[in-house]
Amino acid sequence: MKKKYLIFPVLFFLSLVACNSTDVIEKWTTVENLYNPILGTQMDSIVPNYGIIDQTFILNGNFPGSIKDMKVYFGKKKAVLLSTNGKCIVGLVPKEPNGYNQISLVIGKDSIAPDKFTFRYRQSKSVKTICGKLGPDNKWMNDADYAGTAIDAVSLGETHYVQTVKGVKSDNVFLIEAGWGNKLFLLSIDNGTITKLSTPAALCHPAVPTSRDIFYATTFWNGNRTIYNFKKENSWTFNTTGITISSSDYPGDKVCSMTFAEDDNLLYCVDSQGRIAEVNLSDKSYKIYTTADQKPSGLAAVNFGGLIIPAAATAKTPLAKQAPKSFDTWEGSYITYSKYHHCFFLSFAAENAIYKYVKNPDKTWTCSLYAGGNGPGVSIGDRLIDAQFNSPHGLVVNADGDIFVVSKGSNFWTKGGDARIQKISGDAVEIAAGNSNGTLTNGTTPLEATFQYPRDIAIDVDGNYFIAGGQEGTVRKLSIE
């Protein structure tokens, strides 16, 4: 969550006084430019040299040009810059990795990053229920009772899927219940309200293009699968795209998620047997990609896109583990795309594993085990050797390439379940949130929070994560700032 700091006006004023040799500042809009061309561009110090997100900083040195010509980076994260007088740059600390981050300055085509010129960032983490009442025995309210009720005051039943779209100040969140009901809700983070929307059927996790003002979804249950869109300009009412995937071409029991990749014209979904459908929104056609042993007997030749082929065996991964073999008949297969890795990632609950899928130029796909596959559990460590997932469901990739996975847990019909939110970063798997404590709670930190069979996860433009709590009947927000 963004924070406001009263210290900013004081620091801003002090920075102008400290860097200006005149005794009187006549107007805020006529600050003298104190850049000394003899000294050239340089960075001398940053005040403070440690802090948190959105904190005001002052970079001291000698800086040519105007504020629009300048960029200041904390590690790889660009700061918002507010003002300069040639001797100081005033800005706001961006979200960045915990610990020491290199400060670098770009002015025009020039870049400087003095050795050991760092800022110590203190990362804060929290889990908060933003919608619903935390507990395993919540019930859906009557439809009319949701109107005008604050999102943190409503009661929800099982919450299955979440997705974020563009809001006014903050992102909006869509919540879908697809197991037994036919419910779609819009959660407005801006004004804290919930609105129940109409939907033609029980829907899957939606896909959102780069415009982020529309989302696409298809039906969760088996049968012919019509592709629908919901547009902000139409008050989020559903419309058909005119595209329906035939059940003879795509006979999987369930489809629980969709995604876009690099091209907003191509939409992808996965069924519960690992078959991938590629939907072309322009010409209203589709192609089905499948492993040889899962190719449907009724698949029309014109709609067959190509085979999904296991990657070659490696020292870590034998050939038998390079493709999923066990499939769930419920919500066992999720798909997401990573613009960082330029490939797809799929979770398979029955395999307790995450797989990497690459679309090849020859119209085939290559799949390989990426993480887990070592039986159910929540072990951390090397992603291909000893890491474990416990019935992985929804997953999402952030801008840094970190993959967040919802391990739903086991023993669905009992209290508890040992659920986690796990993070894959590079070659390591770690716990981002959750523990094995049987008491359902938000916790004072993410690692002290407990979950009750969570199902799905989404990310907003600010890097916050929204978790569909499943049986606990909530949407929770995981913030790492």
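# A tour of the predicted model

Select Asn352 to begin: with a relative accessible area of 9%, this residue is buried. The model is predicted. Asn352 sits in the loop between strand S25 (343-348) and S26. Check its backbone. Phi is positive, about 50 degrees, although Asn352 is not a glycine. Most residues other than glycine have a negative phi.

**Stop 1: the nine-stranded sheet**

Move on to strand S26. Select residues 353-359, then add residues 365-372 for strand S27. The two strands run antiparallel, and seven bridges join them. Which residue of S27 is the bridge partner of Tyr355? Pick Leu369 to see the partner.

Now widen the view. S26 and S27 belong to an open sheet of nine strands with mixed pairing. Trace the order S19-S20-S21-S22-S23-S27-S26-S25-S24. Where are the edges? Select 255-260 for strand S19 and 333-338 for strand S24. Each of these edge strands pairs on one side only. From one strand to the next, the twist averages 25 degrees. Strands of a sheet pair through backbone hydrogen bonds, either parallel or antiparallel.

**Stop 2: the three-stranded sheet**

Go to S16, residues 214-217. An open, antiparallel sheet of three strands is found here, in the order S16-S17-S18. S16 and strand S18 (238-245) are its edges; each has a single partner strand, so one side of each is left without a neighbour in the sheet. The average twist between successive strands is 20 degrees.

Add strand S17, residues 225-231. Four bridges join S16 and S17. Pick Ile214, then its bridge partner in S17, Lys231.

**Stop 3: a hairpin**

Select residues 183-188 and 193-197, strands S14 and S15. They pair in the antiparallel sense over five bridges. Leu184 stands opposite Leu197 in S15. Look next at the turn of the hairpin. Four residues lie between the strands, and Gly192 takes a positive phi near 70 degrees.

**Stop 4: Glu177**

Select Glu177 in strand S13, residues 172-177. Is this residue buried or exposed? Glu177 is buried, yet has no salt bridge. The nearest side chain of opposite charge belongs to Lys183, 4.5 Å away. A salt bridge needs a nitrogen-to-oxygen distance within 4 Å. Show polar contacts as well: the Glu177 side chain reaches the backbone nitrogen of Trp180 at 3.1 Å.

Then show the surroundings. Leaving aside neighbours within four places in sequence, Glu177 is in contact with Trp140, Glu158, His160, Asn182 and Lys183.

**Stop 5: salt bridges**

Side chains of opposite charge can pair when their charged atoms come close. How many salt bridges are there in the model? The count comes to 13. Visit some of them.

- Select Asp171 and Arg212. Their side chains meet in a salt bridge at 2.7 Å, N to O. The two residues are 41 apart in sequence, with Asp171 in the loop between strand S12 (161-165) and S13, and Arg212 in the loop between S15 and strand S16. Asp171 is buried, because its relative accessible area is 6%. Arg212, at 16%, also counts as buried.
- Select Lys423 and Asp402. This salt bridge spans 4.0 Å, N to O. It links distant parts of the chain: Lys423 in strand S31 (residues 420-425) and Asp402 in the loop between strand S29 (392-397) and strand S30 (403-407). Both Lys423 and Asp402 are buried.
- Select Arg476 and Glu472. Their closest N and O atoms are 2.8 Å apart. Arg476 is at 0% relative accessibility, so it counts as buried. Glu472 is at 0% and counts as buried.
- Select Glu158, Glu331 and Arg455. Salt bridges that share partners join these residues into one network.

**Stop 6: backbone details**

Finish with two local features. Most peptide bonds are trans. Zoom in on Val47 and Pro48, where the peptide bond is cis and omega is about -10 degrees. Pro48 lies in the loop between strand S1 (42-47) and strand S2 (50-51).

Last, select Asp54, in the loop between S2 and strand S3 (56-62). Asp54 has a positive phi of about 70 degrees although it is not a glycine. At 13% relative accessibility, Asp54 counts as buried.

Key. Residues are numbered from 1 along each chain as its sequence is written. This is a predicted model: local features need pLDDT of at least 70, side-chain atom pairs count only at pLDDT 80 or more; totals for chains, interfaces and linings use all residues. Side-chain values use heavy atoms; hydrogens and water are left out. Two strands pair if DSSP finds at least two bridges between them. Axes are lines fitted to C-alpha atoms, for helices over the stretch in contact, and angles run from 0 to 180 degrees between N-to-C directions. Buried means under 20% relative accessible area, exposed over 50%, partly exposed in between (1.4 Å probe, protein chains only). Lys and Arg count as positive and Asp and Glu as negative; His and the chain ends are not counted. A polar contact is a pair of N or O atoms within 3.5 Å; within protein, one must be able to donate a hydrogen and the other to accept it, and residues adjacent in sequence count only if both atoms are side-chain atoms. Contact means heavy atoms within 4.5 Å.
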